[in-house]
Amino acid sequence: MTTQLTLDARTERLRDALDKALGVKGRTLAAALRKAGRRLPKQVRKQADVVVRAQAIDGHPKLRRTIDMAAVARAETDILAHLKTIDRADLRRGRLLGLAGVIVFNLIVVVALFVVWLVWSGHL
């Protein structure tokens, strides 16, 4: 029973950390991780799979004994350490700068094509 309590507490902590770091919400940890997708590095996703598999096995009384709680604890600390390094404001700024870059590039292309058209038609 204590395994169940600690594993549920760990998954809740991870879900809350995913919500704070990436704004990802889900009913379960697996759903939240699916929504996070490639925003998490491959190594962190592998660590999260360890926790999700342990949570799935935890419902079965005989298989519960096969859960490596040390590996689950290591996975949790690795995931939480990575999520603490994520800055939501920096991610937002990066997305806005990327969008601004695309808009500016498109404007430059349109203006260049307009100038080429003016030269070609003899207006310039």
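In the predicted model, Leu7 touches Ala54, Gln55, Asp58, Ile67 and Val72, with residues up to four places away in sequence not counted. Leu7 lies in helix α1. Its relative accessibility is 0%, so Leu7 counts as buried. A further pairing concerns Asp68. Leu7 and Asp68 are separated by 61 residues in sequence, and their C-alpha atoms are 11 Å apart in space.

Confidence was examined next. The protein chain has a mean pLDDT of 93. Of its residues, 96% reach 70 or more. Helix α1 (residues 2-22) has the lowest confidence in the chain, with a mean of 88. The highest belongs to helix α5 (residues 88-121), at 97. Where pLDDT is low, predicted coordinates should not be read in detail.

The packing of helix α3 (residues 42-57) against helix α4 (residues 69-85) was then considered. Their axes come within 9 Å and cross at roughly 135°. An angle of this kind makes α3 oblique to α4. The crossing of α3 and α4 is left-handed. From α3, the contact draws on Val44, Gln47, Ala48, Val50, Val51 and Ala54. From α4, it draws on Ala71, Val72, Arg74, Ala75, Asp78, Ile79 and His82. By class, the residues of this α3 and α4 contact comprise nine nonpolar, two polar and two charged.

Gln47 is one of the α3 residues in that contact. Gln47 belongs to helix α3. Its relative accessible area is 17%, under the 20% cut-off, so Gln47 is buried. With neighbours within four places in sequence left aside, Gln47 is in contact with Arg74, Ala75, Asp78 and Ile79. Arg74, Ala75, Asp78 and Ile79 are also among the α4 residues that make the contact with α3.

Helix α3 also packs against α2. The axes of α2 and α3 come within 10 Å and cross at roughly 155°. The angle is over 145°, which means that α2 is roughly antiparallel to α3. This crossing, in which α2 passes α3, is left-handed. On the α2 side, the residues that meet α3 are Leu29, Ala30 and Leu33. On the α3 side, their partners are Ala48, Val51, Val52 and Gln55. The residues of the α2 and α3 contact divide into six nonpolar, one polar and no charged. Ala48 and Val51 of α3 appear in the contact with α2. Ala48 and Val51 also appear in the contact with α4.

Within helix α2 (residues 29-36), the buried residues include Leu29 and Leu33. Ala31, Ala32 and Ala36 of α2 are buried as well. In an α-helix there are 3.6 residues a turn, so residues three or four places apart point the same way. Just after α2, Gly37 adopts a positive phi of about 55°.

Two loop residues were also examined. Leu40 sits in the loop between α2 and α3. With a relative accessibility of 2%, Leu40 counts as buried. Its contacts, leaving aside neighbours within four places in sequence, are Leu18, Leu22, Leu33, Arg45, His82 and Leu83. Among these, Leu33 is one of the buried residues of α2. His82 is one of the α4 residues in the contact with α3. Leu40 and His123 are 83 residues apart in sequence. Their C-alpha atoms are 53 Å apart in space.

Ile86 occupies a place in the loop between α4 and α5. Its relative accessibility is 19%, so Ile86 counts as buried. Outside the neighbours within four places in sequence, Ile86 is in contact with Ala21, Leu22 and Leu91. Leu22 also figures among the contacts of Leu40. Ile86 and Lys20 are 66 residues apart in sequence. In space, the C-alpha to C-alpha separation of Ile86 and Lys20 is 9.5 Å.

Key:
Residues are numbered from 1 along each chain as its sequence is written. This is a predicted model: local features need pLDDT of at least 70, side-chain atom pairs count only at pLDDT 80 or more; totals for chains, interfaces and linings use all residues. Side-chain values use heavy atoms; hydrogens and water are left out. Axes are lines fitted to C-alpha atoms, for helices over the stretch in contact, and angles run from 0 to 180 degrees between N-to-C directions. Helices (H or I, at least four residues) and strands (E, at least two) are DSSP runs, numbered from the N terminus. Angles under 35 degrees count as roughly parallel, over 145 as roughly antiparallel, 65 to 115 as roughly perpendicular and the rest as oblique. A crossing is left-handed if the near helix is turned anticlockwise from the far one by less than a right angle, and right-handed if clockwise. Contact means heavy atoms within 4.5 Å. Ala, Val, Leu, Ile, Met, Phe, Trp, Tyr, Cys and Pro count as nonpolar, Asp, Glu, Lys and Arg as charged, and the others, Gly among them, as polar. Buried means under 20% relative accessible area, exposed over 50%, partly exposed in between (1.4 Å probe, protein chains only). pLDDT is the predictor's confidence in each residue, from 0 to 100.
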